[in-house]
Amino acid sequence: MSSSVPSVRPIGEVLISARPFADGVAQFALRPDELTTGPVLDCPGGAGDFGATVRDLGGRAVSVDPCYVDSPEELATRVGAELDRVQAWTSSQPSRFPLDARGVWEQVPVWRSTAARFLDDYAADRGNATGHYVGAALPHLPFPDGTFTLALSGFLLFTYPDHFDEDFHLRAITELLRVAAEVRLHPLNDSAGNRYPHLDRLLDDLRARGVTCRLLEVTGRSDPRDDATLRLTRS
Ligand SMILES: C[S@@+](CC[C@H](N)C(=O)[O-])C[C@H]1O[C@@H](n2cnc3c(N)ncnc32)[C@H](O)[C@@H]1O
């Protein structure tokens, strides 16, 4: 690798990722009962199988993402291109992402099978109008106050500092707390692994609005630096 190429690079445009359910459980420090106690919101859901798996376990889950305005065929094409993009991005950073003998990040096959499961479930949802996948974007969610017991937001707010600023973070979190009694956000780093620099100010703002904030220590599944989750509850 040329010395002018940094070993850790941000990913650029917001990725439609396909993290498996087990990553969500680990990164949000979820107990099994928290998945089935009440309705869970996964926002953004991306091409992951979190919602489908919660439903398989007997829980209720709704996934929200602006990409869910696409038809199943359109989304399948986009997700395929996004998986190729993440494969290229991770392959270019071998010191950060463990690669297999072919030079492919070890998690890529898992992401591909997760995306396949998601795309099947998404197509079934569009056929049956089950409402499991809602096309919408933070900071506006089309749900009444208190619809969910828990809202999870992974790899969006702090991941893309070039796309989302402090004002957006506060408005998005306020909206998530409007629709859910508890919100968990992960990671607190950007896609290059840098900690969100305005966390203290954000926590002060939230506490001033009566929000209880706790930092949970977790194990990052795709990057060990992603070792914290923010747990927020309304008073
Ligand atoms: C990196 S993925 C995260 C998906 C999943 N939570 C995960 O951890 O794998 C980011 C997702 O955010 C979605 N997105 C972009 N802007 C958004 C917004 N304003 N509100 C909600 N989701 C958004 C994208 O479409 C994309 O699917």
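Helices (H or I, at least four residues) and strands (E, at least two) are DSSP runs, numbered from the N terminus. The views below show a predicted model.

**Serine 191 in the loop between β5 and α7.** This serine belongs to neither of the two elements, but to the loop between strand β5 and helix α7. Its relative accessibility is 9%, and buried means under 20%, so serine 191 counts as buried. Apart from neighbours within four places in sequence, serine 191 is in contact with Arg9, Pro10 and Ile11, and also with Trp89, Arg96 and Thr159.

**Helix α7 and its buried face.** The helix spans residues 199–208, and its buried residues are Leu199, Leu202, Leu203 and Leu206. Seen down the helix axis, these buried residues fall within an arc of 95 degrees, so they line one face of α7. The face turned away from the buried side carries two exposed residues, Asp200 and Ala208. Elements that cover the buried residues of α7 include helix α6 (166–179) and the strands β6 (211–217) and β7 (228–234). After α7 comes glycine 210, with a positive phi near 85 degrees.

**The open sheet of seven strands.** The strand order is β3-β2-β1-β4-β5-β7-β6, and the pairing is mixed. At the edges stand β3 (133–134) and β6, each with a single partner strand, so one side of each has no neighbour in the sheet. Strands of a sheet pair through backbone hydrogen bonds, either parallel or antiparallel. The next views take parts of this sheet in turn.

**Strands β2, β1 and β4.** Strand β1 (residues 40–42) runs parallel to β2, to which three bridges join it. Leucine 41 has valine 62 as its bridge partner in β2. Strand β1 is also joined by three bridges to strand β4 (residues 148–154), and these two strands run parallel as well. Here valine 40 has leucine 150 of β4 as its bridge partner. Strand β2 (residues 61–64) is covered on both faces: Ala61 and Ser63 are buried on one side, and Val62 and Val64 are buried on the other. In a regular strand the side chains alternate between the two faces of the sheet.

**Aspartate 42 in strand β1.** With a relative accessibility of 9%, aspartate 42 counts as buried. Its contacts, leaving aside neighbours within four places in sequence, are Phe50, Val62, Ser63, Val64 and Leu152. Aspartate 42 and leucine 232 are 190 residues apart in sequence, while their C-alpha atoms are 15 Å apart in space.

**Strands β4, β5, β7 and β6.** Strand β5 (residues 180–186) is mostly covered, with six of its seven residues buried. β4 and β5 run parallel and are joined by six bridges. Serine 153 stands opposite leucine 185 in β5. With β7, strand β5 pairs in the antiparallel sense over four bridges, and glutamate 182 stands opposite threonine 233 in β7. β7 is also mostly covered: five of its seven residues are buried. Seven bridges join β7 to β6, and the two run antiparallel. Cysteine 213 has leucine 232 of β7 as its bridge partner.

**The largest pocket, with about 680 Å³ of space.** Its lining is made up of 46 residues. Nearest the pocket centre lie Leu15, Ser17, Arg19, Gly154 and Phe155. The helices α1 (21–27) and α4 (72–91) each supply at least two residues of this lining. α4 gives the most, with four residues. By class, the lining of the pocket has 26 nonpolar, eleven polar and nine charged residues.

**The one cavity of 30 Å³ or more.** About 30 Å³ of space lies in this cavity. Rolling a probe the size of a water molecule over the atoms shows where empty space is left. The cavity is lined by Ser153, by Phe155, Leu156, Leu157, Phe158 and Thr159, and by Leu185, His186 and Pro187. This lining has six nonpolar and three polar residues, and no charged ones. Phe155 appears in the lining of the cavity and also among the residues nearest the centre of the largest pocket. Ser153 and Leu185, both in the cavity lining, stand opposite each other where β4 and β5 pair.

Notes
Residues numbered from 1 in each chain as written. Predicted model: local features only at pLDDT ≥ 70, side-chain atom pairs only at ≥ 80, totals over all residues. Heavy atoms only, no water. 1 Å grid on protein atoms, 1.4 Å probe; cavity = no way out; pocket = protein on both sides within 12 Å on 5 of 7 lines; lining within 4 Å. Points joined across faces, edges and corners; volume = space filled by probe spheres on them. Nonpolar A, V, L, I, M, F, W, Y, C, P; charged D, E, K, R; others polar. Buried < 20%, exposed > 50% of the residue type's maximum accessible area, 1.4 Å probe, protein only. Arc of directions from axis to C-beta. Contact = heavy atoms within 4.5 Å. Pairing = 2+ DSSP bridges.
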